[in-house]
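Here are my notes on the model you sent, set out as numbered points. They deal with pockets, packing and a few single residues.

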Amino acid sequence: MIDMKKKINVIDLDSTLLPHNSLIYYVLLFLKNQRCFLPVLFHLEQRITGKITKEEFLKKIMITARKTTNYEKKVKKFGLSLYDDIRKPMLRFILENTDEFTINILCTASPEDYVKYLCEKLGWPYISSTLDKNDENFIHMFEHNKVIAVKKMYPKQKYTYHLAMSDNVSDRELLKLFDQSYHIKNGKRVKVNSTK
């Protein structure tokens with residue numbers, strides 16, 4: 001019997017699909033904003049000195065940034081601009097491993113606020129860090145949370161876990177789930193495992 005299950009490719013964003021960390025540029029975008037400058041600087045100082053976790057930092061930055069005027073317009077422009085930064089060889093490799101039965105999914109700890117616009121342009125679904133409209137419920141899409149989200153949204157009973165790529169060692173657990181997985185180092189692909 002032919003396996004008609006759809007395949008999924010899961011790709012990390014920062015330092016994988018992109019040659020840089022998009023969050024740094026997102027923070028800089030709001031550091032330039034007069035109204036945001038001091039609170040963003042304060043959160044940065046707290047993060048650098050270890051007073052708050054990566055998760056708390058991201059949540060606080062998103063809450064602060066969302067208070068700026070024309071926020072949605074700014075993040076849309078920013079999200080779309082990231083498309084031009086994509087590593088072309090990386091995208092080419094992903095597309096070479098994509099057929100009509102494959103879904104490419106961007107899976108990132110970066111905020112949904114701008115990730116959604118980049119993915120709209122790519123035509124890919126995404127799994128990312130989210131914060132509800134009331135700025136209360138925050139999901140940091142990091143480490144084990146990525147594994148939980150992928151398994152929940154794309155259960156193994158229905159999907160073949162084809163290809164995964166990430167630069168981050170924290171994604172080791174996620175990479176192990178896939179038939180082909182690559183650790184990205186300085187833009188180069190290093191094969192992690194193959195269950196075939």
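**Notes on the predicted model**

1. The largest share of the lining of the second largest pocket comes from α7, which gives three residues. This is a predicted model, and the points below should be read with that in mind. The pocket in question, the second largest, has a volume of about 150 Å³. Its lining consists of Arg66, Tyr71, Glu72, Glu112, Asp113, Lys116, Thr130, Leu131, Asp132 and Lys133. Two or more of these residues come from each of α5 (71-81), α7 (112-122) and β3 (126-131). By class, seven residues of this lining are charged, two are nonpolar and one is polar.

2. The largest pocket holds about 480 Å³ of space. Its lining is made up of 25 residues, and those nearest the centre are Asp14, Asn21, Leu23, Lys54 and Ala109. At least two lining residues come from each of α1 (13-17), α2 (22-31), α3 (34-48), α4 (54-65) and β2 (102-111). With five residues, α2 has the largest share of the lining of the largest pocket. Sorted by class, the lining of the largest pocket has ten nonpolar, eight charged and seven polar residues.

3. Helix α5, which helps to line the second largest pocket, also has a buried side. Which residues of α5 are buried? They are Tyr71, Val75, Phe78 and Gly79. Seen down the helix axis, the buried residues of α5 fall within an arc of 100°, so they line one face of the helix. The face turned away from that buried side carries Lys73 and Lys77, which are exposed. On the buried side, the residues of α5 pack against α2, α4 and α7. Tyr71 therefore appears on two lists, since it is buried in α5 and belongs to the lining of the second largest pocket.

4. The largest nonpolar core has 41 residues. The members that touch the most others are Leu17, Tyr26, Phe30, Leu106, Tyr114, Trp124 and Met165. Which residues does Trp124 touch, not counting those up to four places away in sequence? The contacts of Trp124 are Ile11, Leu17, Leu91, Ile94, Asn104, Leu106 and Cys119. A second, separate core has 18 residues, including Val10, Ala149, Tyr154 and Leu175.

5. How many cavities of 30 Å³ or more does a search of the whole structure find? There is one, and the space in it is about 30 Å³. The cavity is lined by Val10, Ile11, Asp12, Cys107, Ala164, Met165, Ser166, Asp171, Leu174 and Leu175. The elements β1 (6-11), β5 (159-166) and α9 (172-175) give two or more residues each to this lining. Strand β5 has the largest share, three residues. The lining of the cavity divides into seven nonpolar, two charged and one polar residue. Met165 is in this lining and is also among the members of the largest core that touch the most others. Val10 and Leu175 line the cavity too, and both belong to the second core.

6. Ser166 lies in strand β5 and is one of the residues that line the cavity. Is Ser166 buried or exposed? Its relative accessibility is 2%, so Ser166 counts as buried. Leaving out residues up to four places away in sequence, Ser166 touches Asp12, Thr16, Asp171, Leu175, Tyr182, His183 and Ile184. Cys107, which also lines the cavity, is 59 residues from Ser166 along the chain, and their C-alpha atoms are separated by 9.3 Å.

7. Ser128 is in strand β3. Its relative accessible area is 5%, so Ser128 is buried. Beyond four places in sequence, Ser128 touches Thr108, Ser110, Pro111, Glu112, Val115, Ile139 and Met141. One of these, Glu112, is also in the lining of the second largest pocket. The C-alpha atoms of Ser128 and Lys59 are separated by 13 Å, and the two residues are 69 apart along the chain.

8. Where is Lys156? It is in the loop between α8 (144-153) and β5. With a relative accessibility of 42%, Lys156 counts as partly exposed. Apart from neighbours within four places in sequence, Lys156 is in contact with Lys5, Tyr161 and Leu177. Arg66, a lining residue of the second largest pocket, is 90 residues from Lys156 in sequence and 36 Å from it in space, C-alpha to C-alpha.

Notes. Residues numbered from 1 in each chain as written. Predicted model: local features only at pLDDT ≥ 70, side-chain atom pairs only at ≥ 80, totals over all residues. Heavy atoms only, no water. 1 Å grid on protein atoms, 1.4 Å probe; cavity = no way out; pocket = protein on both sides within 12 Å on 5 of 7 lines; lining within 4 Å. Points joined across faces, edges and corners; volume = space filled by probe spheres on them. Helix = DSSP H or I, 4+ residues; strand = E, 2+ residues; numbered from the N terminus. Nonpolar A, V, L, I, M, F, W, Y, C, P; charged D, E, K, R; others polar. Buried < 20%, exposed > 50% of the residue type's maximum accessible area, 1.4 Å probe, protein only. Arc of directions from axis to C-beta. Contact = heavy atoms within 4.5 Å. Core = buried A, V, L, I, M, F, W, Y, C linked by side-chain atoms within 4.5 Å.
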